[in-house]
Amino acid sequence: MCISEIYKGNQTAPKHRQTMWMSCSDLVVAFALTTASMAIALLSDSIIVETPFIVPFVPEGLRLTSYFTFTKGLSIVVLLALPFFEIFGTKWGNTICFGMGIFFSVTLMCTWNIPLVIFGHPVSLYLFINAFILLGLDNCRMTLTYMYVAENFHPKFLLSVLIGDGLGGFIVSIMTYIQGFKQYLHAFESSVYSSSHLSKDFIFSPTIAFAIIIIVYVICMLAFLLSLKYAKYVAISSSITKNGNSGYFYIAVWGLASASVFTLMPAFQSFSTVPYGQACYILSVSCWSISFPCSAIFCHVFKYYRYMFVAAVLLLHIGIDALLIFIALQNPNPFLGKCLAIQAILIIMWFTQGFSGFYLFSISSYYLRTCGAKAMKWGSITSHCGGVLGALISFYLVNFTSLFQAH
């Protein structure tokens, strides 16, 4: 059943006018859900992608990425508030989540660069507290959004959610391209640009960047409120299993992809790219975020659920992860050289890492959508648990071993 069938009521209208109205209503629903879904990871993406611009201003330095990924994993405890949001239903639960996100985003914008001295050491405590809350709200919103769409809309609108999820990172990436333009010019003009020269000379400051994100976030909330007008309950299966244990297989893949893409590998991104230049660092983070919407569209066009194919993509993704970790272990020595070709290859590798990981994320969510709302709920919860595991591993390796040096 298509959501636009709600509006087929006037049987006396000409048939071509009814068809046109149904198509227009589907278009409005797709637009509203895509725009609203940009908020699923908009705040977390903005915090992670803005990291290269925050690093020069905070006492944590290059270790900030590992602190952020650990904070993102720890923020799963905010999921304990999920039953509170579910009391109001997925519609009003999402609305409350949006309101809280706006409040703490404003707080982050005003306090991110104010350190506190704790035991004689400066710590960006305000930054971490606000990041913890915002990342936790994103965890809740992800589960609430997928459940909201599963309960109220036709399965074809899942594409809108996945594209919107990726577009949030794309918008942030475009912003960072503009923000770091001076660093790109410096990289092309200078043949020597090492990790010891982290510049603070950007087009605009992180404070302005966070203000732009807040404006986009408010637009996402308005789009969600628009989608409420078209929401209609659609009866779906509550089963997790389908064709044997395939539902559990895709739940596991969803968790592994989330661990790799959203928490484990981002902690190593600065270590693998900063030795090749600050421009390489900024561009790799931006291209990595852009890979998400590209992957969502590709997954919609090429939905292939065979075990062997999905397993092959998973092995490819793990191989890329291993190679990037190996490169990160060489920090601060750019053993591959500093020529532009090497930097381009490194940027492409990070794009491929995000593309393959988000493809696994998307194909799993597509399949679980056919299994029912229960499968979507447990899949998203497993995704959060995978994120916690990735965050704990990366935080331990970066901060409690000598493998990664923050030179």
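Is Cys299 buried or exposed? In this predicted model, where local features need pLDDT of at least 70, side-chain atom pairs count only at pLDDT 80 or more, and totals for chains, interfaces and linings use all residues, residues are numbered from 1 along each chain as its sequence is written. Side-chain values use heavy atoms, with hydrogens and water left out.

Cys299 is buried, because its relative accessibility is 0%, whereas Cys385, at a relative accessible area of 43%, is partly exposed (buried means under 20% relative accessible area, exposed over 50%, and partly exposed in between, with a 1.4 Å probe and protein chains only). The structure holds 0 disulfides, a disulfide being a pair of cysteine sulfur atoms within 2.5 Å.

Across the whole structure, 5 cavities of 30 Å³ or more are found (a cavity is a set of points, on a 1 Å grid over the protein atoms alone, where a 1.4 Å probe fits but cannot get out, and its lining residues have an atom within 4 Å of a point). The largest cavity encloses about 280 Å³, and among its 21 lining residues Lys72, Asn139, Met142, Phe262 and His384 lie nearest its centre. Helix 16 contributes the most to this lining, with 4 residues, and by class the lining of the largest cavity comprises 9 nonpolar, 8 polar and 4 charged residues.

The second largest cavity has a volume of about 70 Å³, and the residues that line it include Ile48, Thr69, Gln269 and Tyr281. The lining of this second largest cavity has 5 nonpolar and 4 polar residues, with no charged residues.

Technical notes:
On a 1 Å grid over the protein atoms alone, a cavity is a set of points where a 1.4 Å probe fits but cannot get out, and a pocket is an open set with protein on both sides within 12 Å along at least five of seven lines; lining residues have an atom within 4 Å of a point. Grid points are joined across faces, edges and corners, and a volume is the space filled by probe spheres set on the points. Helices (H or I, at least four residues) and strands (E, at least two) are DSSP runs, numbered from the N terminus. Ala, Val, Leu, Ile, Met, Phe, Trp, Tyr, Cys and Pro count as nonpolar, Asp, Glu, Lys and Arg as charged, and the others, Gly among them, as polar.
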